[in-house]
Number of protein chains: 2
Amino acid sequence: MEYIFSDRVNTLKPSAIREIFKYAADPQVVSLSAGNPAPDAFPCKEVAEISAKILSERPIEALQYSVTEGYAPLREHLKGYMKQKYGIGTENDELIITSGAQQIMDLATKSLCNEGDTVICEAPSFIGSLNSFRSYNAKLCGVPVESDGINTEILEEKLKSEKNVKLIYVIPNFQNPSGVTMSFEKRKKVYELAKQYGVMILEDNPYGDLRYSGEDIPSIKSLDKDGIVIYSGSFSKVLSPGIRVGWCVAPAPVVQKMVVCKQGSDVHTNIWSQMVAYEFMTKYDFEGHLDRLRSLYRKKAQYMMDLLDEYMVPYITYDKIDGGLFIMCKLPDYIDMLKFCKEAVMRKVCVVPGNAFLTDENELCHTFRINFSTPTDEQLEKGIKILGELLKELCEAKEEN
Amino acid sequence: MEYIFSDRVNTLKPSAIREIFKYAADPQVVSLSAGNPAPDAFPCKEVAEISAKILSERPIEALQYSVTEGYAPLREHLKGYMKQKYGIGTENDELIITSGAQQIMDLATKSLCNEGDTVICEAPSFIGSLNSFRSYNAKLCGVPVESDGINTEILEEKLKSEKNVKLIYVIPNFQNPSGVTMSFEKRKKVYELAKQYGVMILEDNPYGDLRYSGEDIPSIKSLDKDGIVIYSGSFSKVLSPGIRVGWCVAPAPVVQKMVVCKQGSDVHTNIWSQMVAYEFMTKYDFEGHLDRLRSLYRKKAQYMMDLLDEYMVPYITYDKIDGGLFIMCKLPDYIDMLKFCKEAVMRKVCVVPGNAFLTDENELCHTFRINFSTPTDEQLEKGIKILGELLKELCEAKEEN
């Protein structure tokens, strides 16, 4: 039988990163391409303890069907936590627990975008979200990211010129893949523009708690007096990505529609996981755990930047990061980025080509993304040394021509 | 702000059953409206044991990101199990682990149906699946279910007359909500018709292992020599619904497209759950557990049918069931079914009005669905007695007029 797929998914491709993972599975390979938390980052003992208690005291609750909105104690706790710690959430907002933050992108797009509608996103941006928008046949419109976040002049131009813009998708903190943080001025400007043009903002904040230096900047959602921001939070980087638990704070009518869509998608999120997340946040030292993560990653981030400065600068340029898990490096214009990435794989180092994060993957691109949370310090040093040697060879070969 | 939702979800409503659940939450109410496994059905001790072992020996594996296709050992085991036990799966098929079987409906529709395409389904059918089809703006076309399954003459008429039919959705074993099992002859006929008209079959089998009497009938998927059947399996009724783990066996190109869609939906299914399911199937007496479930539910099903015969027949008629969790009762034509269901709620017994399961909820309908797995025997007796008294009153009032 010849299989004919729907228009919305016909041209959809597997994530380029997941293709690179095939090479990265080779234990000889130094993978700087992942975005996994460090093995040291998991509160394994605590999760085992919590899980044993739940499965001994309330096993039926953890294994039976549950409600689509999410585990009530976790929802209530997160509402208070987000309000108190980040000033997020008004009386017109609601909170839904999702199967990872990825599902927020899915449910928001499904609820708000017709096929052919436009989603404005940062260029570059997180490939998982871009593919989620693509899977509903949304038209992607990229707006360049600068050292202080999205270019708001171009954002306004696009809001003027593009038709049927339904969402502005941004990752204001330690953006994936650029590592860049949006300034408070730009956050306010993005909010004002969205309000002016009647478009909702989808604010994705998976790394917000992983700030290693500088001061926290208020989220766009905390400015939301008009009910125009959908905020996406996640346990993936601060507890566990494998349990697939995220949460969304958004205007109640939007959450209600997302709940109806979630009923048809997966009924509800794994309930054992939700109970574990709730117990970990409320019965353990969650803030201490976050401090420990920041301390762990601060060291690794600094080490990575030291290595880049030693082995790859000035051939590459990059923005120093204040948090998150990624650094984006820019090659000289005369170096073929894809060739560099392929040659790196041959030398057993994996990085992600920057074009994977663009709305148009065929656009000329000189960047690549590296991650420092997953590899060991030894692997980081080995990997960056190899990349440095390769780059030096390519640059010197160029100079000889 | 005025929220404008996408066309596909604009008219989507919360499941009628979930609305009824609001009443059912009252502890005074006897709920015959759920579809939850019995509290006795959960292998709590085994799950606690397995979970403790995993979280002690391989915690990072259970908490880290995993692959979209599903936990490799579980996939491999299920492939062999389905092949050996049910003759399901060819060399052209693949298997994907999903976040409950509900996600199979979501991913299959997303992959195969454009907006406006037609999905043929049994009438009545499972409301969760119908809402999933609706959420992609598929047009639903219902074909009546008889005591031996879908009416295949009407099915053929619809295949001839309906435009852009992409899927035939059936629940051949102990159908939800009718309780009916499709005969082998009809399964062969449905397969032949699908082949002839170039339409794929979506075969949903959550209750197949819960047969209490009679002989197993081969699944439609086991007849699939042409790569036209998508088979949906689930751990919800045989292990736990709260862990949200299902699996799909389908032609490889279809599974590949579902994998790409799943990347954008929830990245992967909760990995701890997948490991628990694998360990339970392979290190414990899974077949003995299924025997125990059948024995538990066989008694409850028989008790329910005895109660119906004692307190409600001949006012109602119903098809005796050989398995599953539901019985569908038909009221006399002169009784207003919705009035009956509402009055039952007033007397603190919840059942599900049959129209909730129709493609057009406004169609005239005289049936209601009852579940016997969730309530205790005492609740079953109390509930059916109350329904019987109510029905007698309504019928006698009618006779007096």
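This passage walks through the overall form, the sheet, the core and the symmetry of a predicted two-chain model.

In this prediction, local features need pLDDT of at least 70 and side-chain atom pairs count only at pLDDT 80 or more, while totals for chains, interfaces and linings use all residues. Residues are numbered from 1 along each chain as its sequence is written, chains are lettered from A and ligands numbered from 1 in the order in which they are written, and side-chain values use heavy atoms, with hydrogens and water left out.

Chain A holds 14 helices and 14 strands, taken as DSSP runs numbered from the N terminus (helices H or I, at least four residues; strands E, at least two). Its radius of gyration, taken over C-alpha atoms, is 21 Å, close to the 21 Å from the globule rule (2.2 Å times the number of residues to the power 0.38), so chain A is as compact as a globular protein of 401 residues. The C-alpha trace spans about 65 × 55 × 50 Å along its principal axes. Buried residues (under 20% relative accessible area, 1.4 Å probe, protein chains only; exposed is over 50%, partly exposed in between) make up 63% of the 401 in chain A. Among contacts (heavy atoms within 4.5 Å) with a separation of 6 or more in chain A, 77% join residues 24 or more positions apart.

Turning to the sheet, 8 strands of chain A form an open, mixed arrangement in the order β2-β9-β8-β7-β6-β3-β4-β5, where pairing requires at least two DSSP bridges. Strands β2 (93-98) and β5 (149-150) of chain A stand at the edges with a single partner each, so one side of each has no neighbour in the sheet. The antiparallel pair β4 (residues 139-146) and β5 of chain A is joined by 2 bridges, and A:Val145 stands opposite A:Ile150 of β5. Helix α8 (residues 152-161) of chain A lies across β3 (118-123), β4, β5 and β6 (165-170), at about 160° to β4; axes are lines fitted to C-alpha atoms, for helices over the stretch in contact, with angles from 0 to 180 degrees between N-to-C directions.

The largest nonpolar core (buried Ala, Val, Leu, Ile, Met, Phe, Trp, Tyr and Cys residues joined through side-chain atoms within 4.5 Å) has 221 residues, of which A:Ile230, A:Phe368, B:Ile230 and B:Phe368 touch the most other members. Beyond four places in sequence, the contacts of A:Ile230 include A:Ile104, A:Leu167, A:Met200 and A:Val254.

Finally, a rotation of 180° with 0.0 Å of shift along its axis superposes chain B on chain A (RMSD 0.0 Å), by least squares on C-alpha atoms of residues with pLDDT of at least 70 in both. That is the relation of a two-fold axis. In chain B, the C-alpha nearest this axis belongs to B:Ala52, 3.2 Å away. Both copies use the same surface, as 100% of the contact residues of chain B recur in chain A.
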